[in-house]
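Me: Hi! I'd like to go through this structure with you, a bit at a time. Could you start with the empty space inside?

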Amino acid sequence: MQRPTALPPPQTQPQFDGVSAQELARELVGLYPDRTPGTSGAIGAARWVAGKMALYGFDPKVNGARVETFVDTFRATIPGRGKVTLRNAGFVVRGRSEDTIVVMAHRDDSGLGPGANDNASGTGALIELARSYVSPRGSTTQPPQPSHTLLFLSTDGGAFGGLGADYFARHPPYQLHIVAALNLDSIAGRGPPRLEIAGDQARSPAPTLVETTAARIVEQSGSSPGRTSALGQLIDLGFPFSLYEQAPLVGRGIPAVTITTAGDRPPASFGDTRERLHLRRLTEIGRAAQTVVESLDEGLELTRGTRSYVYLGPRIVRGWAIEFALVAMLLPFVVAAVDLFARCRRRRIPVVPALRAYRSRLGAWLWVGAIFLFFALVRVWPGGAARPVNPETGAAGNWPAFGLLAVAVLAVPGWLVSRSRLVPRRPATAEEELAGHAAAMLALLVVALLVVATNPFALVFLLPALHIWLWLPHARDRAVPVRLGLLALGLCGPFILVGSFMFRFGLGFDAPWYLAELVAIDYVSIVTFLLALGCVAALTQLTAIAAGCYAAYPSAAERPPRGPVRNTVRSIVLAVRARRRTAADDRRAAEL
């Protein structure tokens, strides 16, 4: 464990003008209430920001080579909206070092409301912060040159998974020199200040940056900013996900933190009007952001890069220690599963038929998964960039009933093929059920080892099932409801993930479809998807055993002469021939 320290406060007092930032936010909302990417409002908002920055001094004619401006134009697909053009606008103040500190805020909204707090408030604060580092038109005073280069970035597509921040993180040249990034999002709400640090990968920003930001907020507001709970941070490491724009930067090794007055999910668009902007909160966070930038600029050393950890109060537990603990908790299951397999070998209980039964179940689920991915490829599901879907949009909550029904219908052939080998032909013996448990445990062991190789933090979703399901062979003589209850208890691990989306992100019963949509747009990797299908196949085998309807894969003597595929093809051919003969007989009868 470690107690990270903050950089010292700056020498000067903050000059951030909250009233001016509020007026800028209100002006943006009044002129362009709909700033959805790809619309005329989005184009107008980008021009408005550029015009304000030029008026306040971001003009090479006024400040020469000391300032620089740029616009990055790119295209991206947003689920439910199609392919649109987006624009990032950057405003650079050259420092004595090429090392860059980024202050960013997205200017777009979801189109479902005027977006005053989310995120005209962050855009107004961004402009107000930038104007203190340049000389406006007509001014003769020159502000001091910062030690580090400062980049004030107005991103597009922030309300749709951080598209602008993701593009910025993936493209040079500035991302090669970034030492810290501060994101301002929904900072004029009535809620207390809060820090978001989750990334797209199992990483977190440098603790020095987080502690410095927290310390400056305490100095300006008098209270410590909120954070995600320790369990929530562990979930975010096991399933990296965030709706804020620090996530793509942290995922690519750039230390970044978001200041907001909202929760894990940005505020609802309905009612997000300019009359509800909270001036005192906007002023406090704006001044805190200014002192954070000055502290980072004056700091002799900045902790670079990202790492994994979990906050427990004022201290952090390092990620490698958490990984070590999770792998250590996996070892008892490894020993028990291997011992169960060895016990079957010593008793000469054949495990191969049980493994073949698992293979048939896995094949059926892989068939279902292939259908789902094919439908994603042909855009039956809402397609888009591999970024988090805005929870307020239809793509996040409107389940495409026709597509789901089509998946169910097309899954029937795969189920029929596997069922012909798995239907009980006789009551299963105790030895066959024990072999079925061993095969399922071995499959789960392989899945767990692959999880360790990809993201050890994801074991938090798998370990409860591994430990609880080890007791299923001991409950063989118990009633069926008891065995099924024990099986259901092992699902508390996956429910932790689903429950996080249901309650933390406010998706309710749309959480399962939202997770499926993340798979469809390739935000969830194909490897993770296949590992999940492997777990589901093991679950169905254990369910069959617990329900008393398990059957081991039949031997050659028990199987029909033709396999299920050949038998299905033969049935279709015979049916076609019979239909042709009937049609020929009808024609001859008509001729007679």
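**Cavities, core and salt bridges**

Reply: Happy to. The structure holds five cavities of 30 Å³ or more. A cavity here is a set of points, on a 1 Å grid over the protein atoms alone, where a 1.4 Å probe fits but cannot get out. Grid points are joined across faces, edges and corners, and a volume is the space filled by probe spheres set on the points. One caution early on: this is a predicted model, so local features need pLDDT of at least 70 and side-chain atom pairs count only at pLDDT 80 or more, while totals for chains, interfaces and linings use all residues. Residues are numbered from 1 along each chain as its sequence is written, and side-chain values use heavy atoms, with hydrogens and water left out.

Me: Thanks! What volume does the largest cavity have?

Reply: About 160 Å³. Its lining has 17 residues (those with an atom within 4 Å of a point), and Asp118, Ala159, Pro266, Asn390 and Pro391 lie nearest the centre.

Me: How does the lining of the largest cavity divide into nonpolar, polar and charged?

Reply: Seven are nonpolar, six polar and four charged. In this scheme Ala, Val, Leu, Ile, Met, Phe, Trp, Tyr, Cys and Pro count as nonpolar, Asp, Glu, Lys and Arg as charged, and the others, Gly among them, as polar.

Me: And the second largest cavity, which residues are the closest to its centre?

Reply: That cavity holds about 120 Å³ of space. It is lined by 14 residues, with Ile197, Ala198, Ser204, Gln233 and Asp236 the closest to its centre. By class, the lining has five nonpolar, five polar and four charged residues.

Me: Which element gives the largest share of that lining?

Reply: α7, with three residues. Both β6 (194–196) and α7 (230–238) supply at least two residues each. Helices (H or I, at least four residues) and strands (E, at least two) are DSSP runs, numbered from the N terminus.

Me: Let's switch to packing. Which residues touch the most other members of the largest nonpolar core?

Reply: Phe239, Phe241, Trp469, Phe501, Tyr514 and Leu518, out of 85 residues in that core. Helix α14 (residues 430–454) contributes the largest share, twelve residues. A nonpolar core means a set of buried Ala, Val, Leu, Ile, Met, Phe, Trp, Tyr and Cys residues joined through side-chain atoms within 4.5 Å. Buried is under 20% relative accessible area, exposed over 50%, and partly exposed in between (1.4 Å probe, protein chains only). Apart from the largest core lies another, of 56 residues, including Ala21, Ala180, Tyr311 and Ile316.

Me: What is Phe501 in contact with, leaving aside its neighbours within four places in sequence?

Reply: Phe239, Phe241, Gly506, Leu507, Gly508, Ala511, Tyr514, Leu515 and Leu518. Contact means heavy atoms within 4.5 Å.

Me: How many residues of α15 are buried?

Reply: Ten of the eleven in helix α15 (residues 459–469), which is mostly covered. Among them are Leu459, Phe461, Ile468 and Trp469. The buried residues of α15 pack against α7, α10 (319–346), α14, α16 (480–489), α17 (492–504) and α19 (526–547).

Me: New topic: how many salt bridges does a search of the whole structure find?

Reply: 21. A salt bridge is a side-chain nitrogen of Lys or Arg within 4 Å of a carboxyl oxygen of Asp or Glu.

Me: Where do Asp166 and Arg387 lie?

Reply: Their salt bridge has its closest N and O atoms 4.0 Å apart. Asp166 is in helix α5 (residues 163–170) and Arg387 in the loop between α11 (352–377) and α12 (394–397), so the pair ties together parts that are 221 residues apart in sequence. Asp166 counts as buried at 13% relative accessibility, and Arg387 is buried too, at 6%.

Me: What about Arg280 and Glu284, how many residues apart are they?

Reply: Four, about one turn of helix α9 (residues 279–298), where both lie. Their side chains meet in a salt bridge at 2.9 Å, N to O. Arg280 is partly exposed, with a relative accessible area of 49%, whereas Glu284 counts as buried at 13%.

Me: Last one: which residues are linked in a network of salt bridges?

Reply: Arg194, Glu196, Asp236, Asp264 and Arg504. You've met Asp236 already, among the residues closest to the centre of the second largest cavity.

Notes
On a 1 Å grid over the protein atoms alone, a cavity is a set of points where a 1.4 Å probe fits but cannot get out, and a pocket is an open set with protein on both sides within 12 Å along at least five of seven lines; lining residues have an atom within 4 Å of a point.
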